[in-house]
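Please open the model in a viewer and display side chains as sticks. The tour below proceeds from one selection to the next, with salt bridges as its subject.

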Amino acid sequence: MKGKTLSSLTLVALALSWPLAASGDDQKKEAPKIKIPDPGVPQVMTIEGRYVRAAYNNEGYAIIGYKLANLSVGEKWMLLEFGTTVREGVKDYDLKREHLTLTTPDGKTIPLASEDDYMKGETRGLENREKVQRDSINYFPPSAHRACRIGFFAHIDQRAMSWDQVELSDNRACLGRLFFQIPGGITYGQHWLNVQFKDSQVRVPFRVFTKEEDKLLDKHYDSIEKQVEEAFKPPKKS
């Protein structure tokens, strides 16, 4: 596995998951001030790309790519690229289907789709689009260096089989796709992928941007990233 280590991530925390808002001349002069989303649990959150978000605590680590979801407003199915592992020194853990949920902007919590619903749903088109509308999520802690498949979903004509759990170890970087059925369709706003580990929960924030927010993000990306770096620099030693 190739990717950044957590030691290089800690200064770039919590960005690109907030409402972006600035008006008129303010948009031209300076970047909007960011509002950090509150996960409600102790954790660190990072950005690894425009549509790539990660979160971790002392027990577990999770990362998602959501470029396709951001381009699928109004659609009934959401596909997220997903990676996870346990932190170095943490005992192996069986991550099961029921340990993954999605919180939508209206506050509802949606379970991971079943294999049966996935097979019956309009998921083939999403998978084909995801092949070109995606970003790398290959960013893991340095201890996680062995490739590992998360196989919650597989069509019957695929060589790989599906299963309802995956064993996480601190030396395994596990990757796969997650599917959620969204009642009423995907909407703009703040979402959370909730990952339940043995003793704690990690919540990965991601925001489905409006066209205006997307433009604002394009214009001020570097400046916003600097804001976040400044906000989360470790305190100077006295």
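Select Arg177 and Glu127 in this predicted model: their side chains meet in a salt bridge, with N and O 3.4 Å apart. Because Arg177 belongs to strand β10 (residues 172–181) and Glu127 to helix α4 (residues 124–130), the pair ties together parts that are 50 residues apart in sequence. The two partners may next be coloured by accessibility. Glu127 counts as buried, at 7% relative accessibility, whereas Arg177 is partly exposed at 26%.

Extend the selection to Glu81, Glu130 and Arg134; salt bridges with shared partners join these residues, Glu127 and Arg177 into one network.

Move next to helix α3 (residues 115–120) and select Lys120 and Asp116, both of which lie in that helix. A salt bridge links Lys120 to Asp116, with 3.2 Å between the closest N and O atoms. The two residues are four positions apart, about one turn of the helix. Are these side chains buried or exposed? Lys120 is exposed, at 66% relative accessibility, while Asp116 is partly exposed, with a relative accessible area of 44%.

For the last selection, choose Lys108 and Asp106. This pair also forms a salt bridge, and its closest N and O atoms are 4.0 Å apart. Lys108 has a relative accessibility of 53% and therefore counts as exposed, the threshold being over 50%. Asp106 likewise counts as exposed, at 53%.

To continue the survey, display every salt bridge in the model: the structure holds eleven.

Terms used
Residues numbered from 1 in each chain as written. Predicted model: local features only at pLDDT ≥ 70, side-chain atom pairs only at ≥ 80, totals over all residues. Heavy atoms only, no water. Buried < 20%, exposed > 50% of the residue type's maximum accessible area, 1.4 Å probe, protein only.
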